Amino acid sequence: MPQGPQTFDALAVRTWCGLALEALGRAREEIDAINVYPVADGDTGTNLYLTLESAAAAVEAVFAGHAMAAASAPPPLADAVRAMAHGALIGARGNSGTILAQLLRGMAQVLAADGESAHTDGPGLRLALRHAAESARQAVAHPVEGTVLTVATAAAEAAAGAEGDCGSVARAAYEGAGVALAATTRQLAVLERAGVVDAGGRGLVALLSALVQTFTGEAPRQQATGSAALPPHADGTPDGTPDGTDGAETEACGDGAAGESGPAFEVIYLLEARDAAVDRLRERLDGLGDSLVVVGGDGLWNVHVHVDDAGAAVEAGVEAGRPHRIRITHFGLGDVHAGGAGRPPRERAQRAVVAVVPGEGLAGLYAEAGATTVLARPGEPPASGELVQAVRRAHALEVVLLPNDADLRHTAAAAAEQARTEGVRVALIPTRSAVQGIAALAVHEPERRFDEDVVAMTSAAGATRYAEVAVAERQSWTMAGICQAGDVLGLIDGDVAVIGADVTTTAETVLDRMLAAGGEMVTLVLGDETPDAVATRLEARVREAYLAVDTVVYRGGRQGALLLIGVE
């Protein structure tokens, strides 16, 4: 039998993340299918996968940075687990992903306590699992038994009774979690009605299975977890609840009763705020909705809540600190939480457009045109799994994918390939900028044949030159010469063409160069820090010098660049 490490070090963290990601990838569809609580939106497996994908990428970045420093030894354990926790925090998706992020953070707080230690042993892992379960429970406003919290607590308790190395502790935790998972069916009435176990708990069992494989070199035998036919206790009461109740009372104490009408929106955002402000935020959000989970610390938090007034939830975050990476999802008609428990599944649309956009303003613009959007922050490009999730969310037989960034070409191609394996016909149009995506979306006609629509959209995007105006962050060599930090850069088709000191003047020079080759339409997308005067001056310039050219202006929000320019 192949053997893994018997202590928990940075390499073991890396291995665990990789194995866990593979395990969640295999179990994703199964977990999505049994997702009925707290909302039957069929995305728990996907959310767990995306959250862990972000955690694994952060760990890989630590190893890459360590390698660049020409270090012969692997990074310290503290660096690896902190990266894992931070990656999960910033990449958390949905209720389940947010709780997973806090579980990993709880482990990291223990494992990184001795910052110089290269590894921990079995007792250290026991303590980490215990703190993980406790911190996750504390992060949930109204903990409910029969959920991933129950499974995490059972895993920690089983690990506490284990002796030996990390492999023995991990196996005990896995086995304890499996027993608790099987019992969740009787702890929540909604699970018993559906005849399934808790989806979040099933995901945690997959992670613990990967932890066992990390230390032993072999995956444990999968436990049967899907049946609701559990044996009774010796006294005749059914397994799962101590008094033989059917779980209905426990469920009523939780965040909403599954199967009844509930809040219409899921709101998630990262929040930079002080602890005191977050305490007040918890109280306010708790009064607005349910399924409230706030995780994180040290000034950075991930907030998740289900509400009817999404704007009020975001405003509460603004009052507490600086929210960003805001995601608002409207529960569909087929979701239990939206009162659709007895309705037939929503039919697939014939065709949809999925687009990556760099700011909230553009996201709104694309959404108004009927596109499903993925928001990309500067320095935080979406992973392929996030694009696949967007394709699923579009719920169409045919999808046109617009990456709107040259650096996302391979990521988008991987997402398209994955979606095709799921039976979706996907066409990837290699748009390099959001303004090219706007041009493609403007000629999109779902009624015509798919191939014809793709050709027309590709032609419109290809006929649109793109540019952006941004501020240089450091001294650098460019196609236009040497720039200094703080210089204003004008990039045309991805290359620096103008170096200036003033935003308006630089933008005007860029626009003149683009229109020198002709054009019929100018699109201007202003960043949130760009004054309206810039657009006013550029519009005047077009009217004065290019009489046959029209101009349209949009506000893009926090899009990274001060200004995006498109010339069709």
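**Reading helix crossings and hollow spaces**

Author: Let's start with a crossing: helix α2 goes past α14 in a left-handed way, the near helix being turned anticlockwise from the far one by less than a right angle, while clockwise would be right-handed. Please keep in mind that this is a predicted model, in which local features need pLDDT of at least 70 and side-chain atom pairs count only at pLDDT 80 or more, while totals for chains, interfaces and linings use all residues. Residues are numbered from 1 along each chain as its sequence is written, and side-chain values use heavy atoms, with hydrogens and water left out.

Reader: At what angle do the axes of α2 and α14 cross?

Author: An axis here is a line fitted to C-alpha atoms, over the stretch in contact, with angles from 0 to 180 degrees between N-to-C directions. Helices are DSSP runs (H or I, at least four residues), and strands are E runs of at least two. For α2 (residues 44-68) and α14 (residues 384-394), the axes cross at roughly 160° and come within 9 Å. The pair is therefore roughly antiparallel, a label for angles over 145 degrees.

Reader: Which residues of α2 and α14 meet?

Author: From α2 come Thr 46, Asn 47, Leu 50 and Glu 53, and they meet Ser 384, Gly 385, Glu 386, Gln 389 and Arg 392 of α14; contact means heavy atoms within 4.5 Å. By class, this contact has 5 polar, 3 charged and 1 nonpolar (Ala, Val, Leu, Ile, Met, Phe, Trp, Tyr, Cys and Pro are nonpolar; Asp, Glu, Lys and Arg charged; the others, Gly among them, polar).

Reader: Is the crossing of α18 with α19 left-handed or right-handed?

Author: α18 passes α19 in a right-handed crossing. The axes of α18 (residues 503-515) and α19 (residues 532-545) come within 10 Å and cross at roughly 35°. On the α18 side, the contact includes Val 503, Ala 507 and Leu 511, and α19 brings residues including Val 534, Leu 538 and Val 542. The classes here are 7 nonpolar, 1 polar and 4 charged residues.

Reader: How many cavities of 30 Å³ or more are there?

Author: Rolling a probe the size of a water molecule over the atoms shows where empty space is left. On a 1 Å grid over the protein atoms alone, a cavity is where a 1.4 Å probe fits but cannot get out, and its lining residues have an atom within 4 Å of a point. The count is 3, and the largest has a volume of about 310 Å³, the space filled by probe spheres set on the points. Its lining has 26 residues, with Tyr 37, Pro 38, Asn 95, Ser 96 and Ile 99 nearest its centre. Among the elements giving two or more residues are α2 and α4 (94-111), and α4 gives the most, with 4 residues.

Reader: What classes line the largest cavity, and what classes line the second largest?

Author: For the largest, 10 nonpolar, 11 polar and 5 charged residues. The second largest cavity has about 140 Å³. Of its 13 lining residues, Leu 103, Met 107, Leu 129, Leu 204 and Leu 208 are closest to its centre. This lining has 13 nonpolar, no polar and no charged residues. Again α4 gives the most, with 4 residues.

Reader: How much space lies in the second largest pocket?

Author: A pocket is an open set of points with protein on both sides within 12 Å along at least five of seven lines. This one holds about 1,200 Å³. Among its 39 lining residues, Asp 405, Asp 407, Glu 468, Gln 559 and Ala 561 are closest to its centre. Strand β11 (465-471) is one of the elements giving two or more residues; with 5 residues, β11 provides the largest share. The lining has 22 nonpolar, 8 polar and 9 charged residues.

Terms used: Angles under 35 degrees count as roughly parallel, over 145 as roughly antiparallel, 65 to 115 as roughly perpendicular and the rest as oblique.
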